[in-house]
Amino acid sequence: MNDKRLEHINISAFQEDLLRWYEENKRNLPWRENNNAYRVWVSEIMLQQTKVDTVVPYFNRFMEKYPTVYELAEAEQQDVLKQWEGLGYYSRARNLQTAVREVVEAYDGKIPDDPKQLGSLKGIGPYTKGAILSIAYNQPIPAVDGNVMRVFSRVLHIEEDISLSSTKKLFEYYVGEMISKEDPSSFNQAIMDLGATICTPKQPLCMFCPVMEHCQAYVEGVQESLPVKKKAKKQKKMKYVALLIQNKEGKYIIEKRPDAGLLAGLWQFPMIPADEIVENDWHGWLLENYGIDAEIKGSCTAIKHVFSHIIWNVDVRKAITNQETVSDSRLKFVSIEELKEYPFPVPHQKMIPFLEEK
């Protein structure tokens, strides 16, 4: 490994400046009340792809309902998804519960402090493994995510494309060389806080940075051009018609999504793929695919929802049916009150207020 980038860094001074700043400025976050491995684990899974301010209330509610691995292991998956409702990336919740069950069965409820055992659990990649081992078990192991790569791309002036897995390994090496062996827990959390509050993607607050004098990008005035990341592929756009289908009893049809794939295991209102099926054929498609004979009304709202890789454009329409039962095992008739028991993804949560409108 080429260590020329480390020649200009006084590592012990960097650690000292960073840790002093962290001690004085660390964010007051609920998972930092103690370094319990389970709390660290849950927080790190929730924080993937999600902002801290959004996560805090979810984390608090989740911990109240599932205070230890045992409660989460025993819970019904639908209840766990309901607790996760609105956070998105629901596979995180399913993987977390699967892994927690393994911890209970294979490790007597103790989250492993061995890197190999911990890394073998479902949903625990190198970053989450490093975060748990360093924060909860104080092991000097890097926890490298986008925030960390941004900080170190500037500190060490690294111009490699951070979207490449080889670049991530490069950062893991450098963070491993620079991490505090005495206090790796605070070091990794300090880098996280630095990236979130000062070394931000745009217009970093360099004048307030505790490691500014160690930062090679700052010296060269190129901090805002780092990190280097190739542009992501354009998201695919998909059109749907979502149907709020009501029967004479005032109940609505809801559908459980498949147990694998996007939004797996969540509930939704039936959707017609409008890119594939023209309006004249909606009724027939509904009858053929769901066994539902319904009269489809006009549009009551339109919803756009952006996922990481696709964009949904959904035309929401009311519909009425004379059916009292459904034969398709994916479907259920439920009252508006009963809807509250089922986990819905965000775009379908936005449809619920339109149920009560006449």
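The following questions and answers concern cysteines, a cavity and one helix in a predicted model. Local features need pLDDT of at least 70 and side-chain atom pairs count only at pLDDT 80 or more, while totals for chains, interfaces and linings use all residues. Residues are numbered from 1 along each chain as its sequence is written, and side-chain values use heavy atoms, with hydrogens and water left out.

Colleague: How far from Cys-215 is the nearest cysteine sulfur?

Modeller: A disulfide is a pair of cysteine sulfur atoms within 2.5 Å, and a search of the whole structure finds zero of them. Cys-215 is accordingly in no disulfide, and the nearest cysteine sulfur, which belongs to Cys-206, lies at 6.4 Å.

Colleague: Is Cys-215 buried or exposed?

Modeller: Relative accessible area decides this, taken with a 1.4 Å probe on protein chains only: under 20% is buried, over 50% is exposed, and in between is partly exposed. Cys-300, at 28%, is therefore partly exposed. Because Cys-215 has a relative accessibility of 10%, this residue counts as buried.

Colleague: On which side or sides of H13 do its buried residues lie?

Modeller: Helices here are DSSP runs of H or I with at least four residues, numbered from the N terminus. In helix H13 (residues 282-290), the buried residues are Trp-282, Trp-285, Leu-286 and Tyr-290. They cover an arc of only 100° around the axis, taken from the directions from the helix axis to the C-beta atoms, so they lie on the same side of H13.

Conventions. Helices (H or I, at least four residues) and strands (E, at least two) are DSSP runs, numbered from the N terminus.
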